[in-house]
Amino acid sequence: MLVVMKPHASEGEIAAVVERIASLGLTAHPIPGAQRVAIGITGNKGGLEAELFETMPGVQEALRVSQPFKLVSREVKADDTVLDVGGVPLGGNALAIMAGPCSVESREQLLEAAHAVRAAGARFLRGGAYKPRTSPYEFQGLAEEGLKLLALAREETGLKVVTEVMDVETLPMVSEYADVLQIGARNMQNFSLLKQLGELRKPVLLKRGPSATVKEWLMAAEYVVSRGNYQVALCERGIRTFETMTRNTLDLNAVPVLKALTHLPVVVDPSHGIGLRAHVAAMARAGVAAGADGLIVEVHPHPEKALSDGQQSLTPREFEELMRQVRVIAGAVGRAIA
Ligand code: PEP
Ligand code: MN
């Protein structure tokens with residue numbers, strides 16, 4: 001249920017509603033909006049009577065939320081959520097551009113990539129220190145050494161760090177270094193990890209599972225938000241279909257569909273989405289045209305030498321050209337670049 005307060009409801013009136021929700025053994029989620037505060041309620045097994053709240057001072061109405069994903073739905077919060085990543089917005093009018101190598105490989109590789117993507121206009125540096133590889137014989141990432149290199153690159157460039165956390169065990173360490181915690185596609189429904197992320201107050205980039213429906217993905221986001229971490233962005237990175245000519249099928253349908261269903265920011269990953277360097281730029285442009293709030297793009301100073309995903313990594317020069325094009329498209333759809 002959603003309790004919508006009157007536009008000028010007092011702090012005391014809001015607190016009284018929160019108190020009544022708690023006294024029923026339920027959880028209150030106050031959601032500030034441009035016009036008024038609303039308070040989401042979770043934890044109820046059946047429906048609640050609207051009169052429980054509608055008789056209280058300052059309350060405009062109490063509405064039943066029809067979607068199973070409650071707190072992340074537009075029904076509950078009409079305004080777009082904008083994540084605050086240490087002063088850099090993720091969401092809202094300005095596009096958030098994240099770029100960097102698939103894996104952190106060395107100091108030279110990472111710093112070269114970081115300086116290049118920053119010069120081209122990115123505000124976020126991506127790079128994995130813990131890599132979920134299909135084969136156990138492939139490069140698994142530099143672990144904490146990689147995180148330290150990301151911190152160094154942040155210090156040198158001012159870029160915010162986006163890096164993947166793969167499990168509950170390494171979460172405390174990864175969150176010490178990361179500005180945005182990336183949850184990989186393979187972990188989208190790792191519910192114990194999602195629950196732990198919900199206890200943090202740190203931005204999360206939740207990638208879509210390769211076979212997850214939009215509803216399952218939003219329910220995964222709900223796991224994090226329902227525990228009080230409202231800083232969640234979604235990342236479309238391609239789904240598995242019958243098509244084998246491309247690595248995945250970037251589901252750009254999901255972008256406008258999500259923008260209608262949820263207030264969370266939506267990021268597009270054209271690199272994993274198509275998996276072919278020659279076509280990454282086309283899908284990045286399409287993502288922005290479709291209404292994405294950001295892009296995450298793999299860029300490597302020497303893709304042919306990359307320890308992971310070289311086949312889909314752009315060179316710094318290619319990324320620079322892509323950014324030029326993205327600026328034009330962003331302008332055409334009324335967006336700026338952060
Ligand atoms: C990555 O970002 O390098 C990655 C492993 O992505 P995904 O989880 O989407 O496969
Ligand atoms: Mn990758």
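This text walks through the ligand site and the salt bridges of the structure above. The model is predicted.

Start with ligand 1. Ligand 1 sits in the largest pocket. Twelve names mark its surroundings: Cys102, Arg126, Lys131, Glu164, Gln182, Gly184, Ala185, Arg186, Lys207, Arg237, His272 and Glu298. Find these residues in the sequence, then in the model.

Three of the contacts can be traced atom by atom. The side chain of Gln182 brings an N or O atom to 2.9 Å from an oxygen atom of ligand 1. The side chain of Lys207 does this at 2.8 Å, again to an oxygen atom of the ligand. Ala185 uses its backbone: an N or O atom there lies 2.8 Å from an oxygen atom of ligand 1. How much of the ligand does the protein bury? Ligand 1 taken alone exposes 300 Å², and the protein buries 98% of that.

Now turn to Glu298, one of the residues around ligand 1. Glu298 is placed in strand β14. Is Glu298 buried or exposed? Its relative accessibility is 0%, and buried means under 20%, so Glu298 counts as buried. Its side chain has polar partners. One is the side chain of His272, at 3.1 Å. Another is the side chain of Arg126, at 3.5 Å. Both His272 and Arg126 also belong to the surroundings of ligand 1.

Next come the salt bridges. The count for the model is 13. Three of them are worth following in turn.

Take Arg208 and Glu236. Their closest N and O atoms are 2.9 Å apart, and the two residues form a salt bridge. Arg208 lies in the loop between β11 (204–207) and α7 (214–225), while Glu236 lies in strand β12 (residues 232–236), so the salt bridge ties together parts that are 28 residues apart in sequence. Both ends can be checked for exposure. Arg208 is buried, with a relative accessible area of 4%. Glu236 is buried too, and its value is 0%.

The second pair is Asp293 and Lys259. Here the closest N and O atoms of the salt bridge are 2.7 Å apart. Where do the two partners lie? Asp293 is in the loop between α10 (277–290) and β14 (294–298), and Lys259 is in helix α8 (residues 254–261). The pair links distant parts of the chain, 34 residues apart. Asp293 is buried, with a relative accessible area of 2%. Lys259 has a relative accessible area of 17%; buried means under 20%, so Lys259 is buried as well.

The third pair is Arg324 and Glu321. The salt bridge between them has its closest N and O atoms 3.1 Å apart. Both residues belong to helix α11 (residues 316–332). They are three residues apart there, so about one helical turn separates them. What is their exposure? Arg324 counts as partly exposed, at 47% relative accessibility. Glu321 is partly exposed, with a relative accessible area of 35%.

One further link goes back to Arg208 and Glu236. Salt bridges that share partners join Arg208, Glu236 and Asp251 into one network.

Technical notes: Residues are numbered from 1 along each chain as its sequence is written. Chains are lettered from A and ligands numbered from 1 in the order in which they are written. This is a predicted model: local features need pLDDT of at least 70, side-chain atom pairs count only at pLDDT 80 or more; totals for chains, interfaces and linings use all residues. Side-chain values use heavy atoms; hydrogens and water are left out. A salt bridge is a side-chain nitrogen of Lys or Arg within 4 Å of a carboxyl oxygen of Asp or Glu. Helices (H or I, at least four residues) and strands (E, at least two) are DSSP runs, numbered from the N terminus. Buried means under 20% relative accessible area, exposed over 50%, partly exposed in between (1.4 Å probe, protein chains only). A residue is near a molecule or strand if one of its heavy atoms lies within 4 Å of it. A polar contact is a pair of N or O atoms within 3.5 Å; within protein, one must be able to donate a hydrogen and the other to accept it, and residues adjacent in sequence count only if both atoms are side-chain atoms. Accessible areas come from the Shrake-Rupley method with a 1.4 Å probe; for residues, only the protein chains shown count as cover. On a 1 Å grid over the protein atoms alone, a cavity is a set of points where a 1.4 Å probe fits but cannot get out, and a pocket is an open set with protein on both sides within 12 Å along at least five of seven lines; lining residues have an atom within 4 Å of a point. A molecule sits in a cavity or pocket if more than half of its atoms lie within 2 Å of its grid points.
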